Structure formats: C-alpha cells, structure tokens
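Here's a quick briefing to read alongside the model. Take a look at the chains and the DNA, then work through the points below.

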Protein chains: 2
Amino acid sequence: MTAEIINNEKLEKVAFILKTIGHPVRLAIINRLAINEQMSVNEICETLDLEQSLVSHHLNTMKLKGILTCSKQGTSRYYTVALEEVLTVIGCMEKCKL
Amino acid sequence: MTAEIINNEKLEKVAFILKTIGHPVRLAIINRLAINEQMSVNEICETLDLEQSLVSHHLNTMKLKGILTCSKQGTSRYYTVALEEVLTVIGCMEKCKL
DNA sequence: AATAAACATGAAAAATATTTCATATATAAA
DNA sequence: TTTATATATGAAATATTTTTCATGTTTATT
C-alpha cells in the first residue's frame, strides 16, 4: 500500500485536508458537489436543509484551504471542488463497507 | 468520480474516520504502520519522538474507532491497521501534489 | 433611490479535542 | 517479593472547532 514515509510537512498538509473533509456538513457539501459539479450557496442550503450562515462558514473554510473554488454570477456564488484528490478520497470511502 | 449521494448515516461514519486520521500525530502513526505493519507503543514513540502517554491516547482513540487493532505479547502491545480503506486513503493522499 | 435577494462576516456562545501530568496495572526479571 | 519495563488511564488544563445570531455587502429589480 503506502510504502513511503511521508515527511512532516506533507503529513501536516494531508492531515489538514483530511480533517477538513472529515466533518459531516463539509463532507455532505462535497458529496453534492461531486454530483452537481457546481452549486450556489442557496442550492446547497436547500438540498441539505441547513442554515445559510452555517453553510457559508463551511464553504469559506474549504475555500481557504484550497478544497473549493467559487465564481460569482449575479448575486449568486457557485462553488466547485478544486482539489481532485478529495473526490478520489470520498469515492474510495463511499465504496467501503463501514 | 463519486456519482452517488451518500446517505446520512454513512456520511457520519465516513466523516468520523476521516476526521480521526486527519490529525498529524495519528496520521504519522498510521503512516508508520503502513510500512511496518505492526509496531509496539514504544517503537512508535521512539520513531516519532513523541511522549508515551500522548501516543497511547491516540492509539486508543483509533482502536475505539476500529481503525487499529492490537495484540498483546509479553508487556508489549502491537498495533496494526485494521481498516484497509485507511491505507488506500493515505496512499492516495501520499501521491497527490499538495 | 428604495427594496429584495444572495451571500459574507464577526463576535459570542457552546461543544469538542488535544495535551500534559500523575498514577495505575500487568508482565517479566532479578 | 522487589524492581523494572511497557503501557493504560483519568482528570485537569489548553486549545481548537462548530454553531448561532446579528448585521454587513453586493447586485439586481422596482
């Protein structure tokens, strides 16, 4: 499997990413974006039935960490998964029998 | 990539796992176990240069969550990765250019 | 210009996690 | 049976996250 010792710097980065996606709300958002590619804040709030402010905070967290990007269109903001690996990771977890 | 909507229960579980491995110390431990298969607490402490108590706590956390198992041999306890998927996940993260 | 819609943001409150320290337990060795 | 080694555990101290609430900003519409 993983035959290499990961150096500290990379370890921190990887941990940082995993920790970020390892949260129910954030994971749910990513899961939707894995299907819809691009969604507005409102669309996310409605599909997941979550408060706007809460969603915004989480989206921002993920944007800051480079996991998502967003583009403005009118008054809406559309978010997208920027970090491919994140999709791979959750694709992997999706398949596993927990 | 991930074409399916993950149901809430599974989402929670996956998030739980990801959050658990998304910590520098725990990830470092798993990384070593991915190479060494089986290590005692002492070996882990020494290789990573971390306090015994801290390592024990983290090992226990991961054991409780089903990520690791351990077997007693004399006064030592040998820990092993129990959840295959975790190795896949960090194998994936290891390769990615962060 | 006033209003509404979509979203962001900041601060406080609440919840959780992490680390440390002291001590307990179990096994082995002398 | 005393001592040493390996590890676990519990509680307190810290630190970090998460959520909520109130409000701010931006753009579009009337």
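By what turn and what shift along the axis can chain B be laid on chain A? A turn of 180 degrees and a shift of 0.0 Å does it, with an RMSD of 0.0 Å, where the fit is by least squares on the C-alpha atoms of residues with pLDDT of at least 70 in both copies. The two copies are thus related as by a two-fold rotation axis.

This is a predicted model, so local features need pLDDT of at least 70 and side-chain atom pairs count only at pLDDT 80 or more, while totals for chains, interfaces and linings use all residues. Residues are numbered from 1 along each chain as its sequence is written, and chains are lettered from A and ligands numbered from 1 in the order in which they are written.

**Chain A**
- Chain A has five helices and three strands (DSSP runs, H or I of at least four residues and E of at least two, numbered from the N terminus).
- Along the sequence they follow the pattern α-α-β-α-α-β-β-α.
- The C-alpha trace of chain A spans about 45 × 30 × 20 Å along its principal axes.

**Around DNA strand D**
- DNA strand D is surrounded by 21 residues (C-beta atom, placed from the backbone, within 6 Å of the strand).
- The closest are A:Ser53, B:Ser40, B:Val41, B:Asn42 and B:Ser76.
- H4(B) gives the largest share of this surface, six residues.
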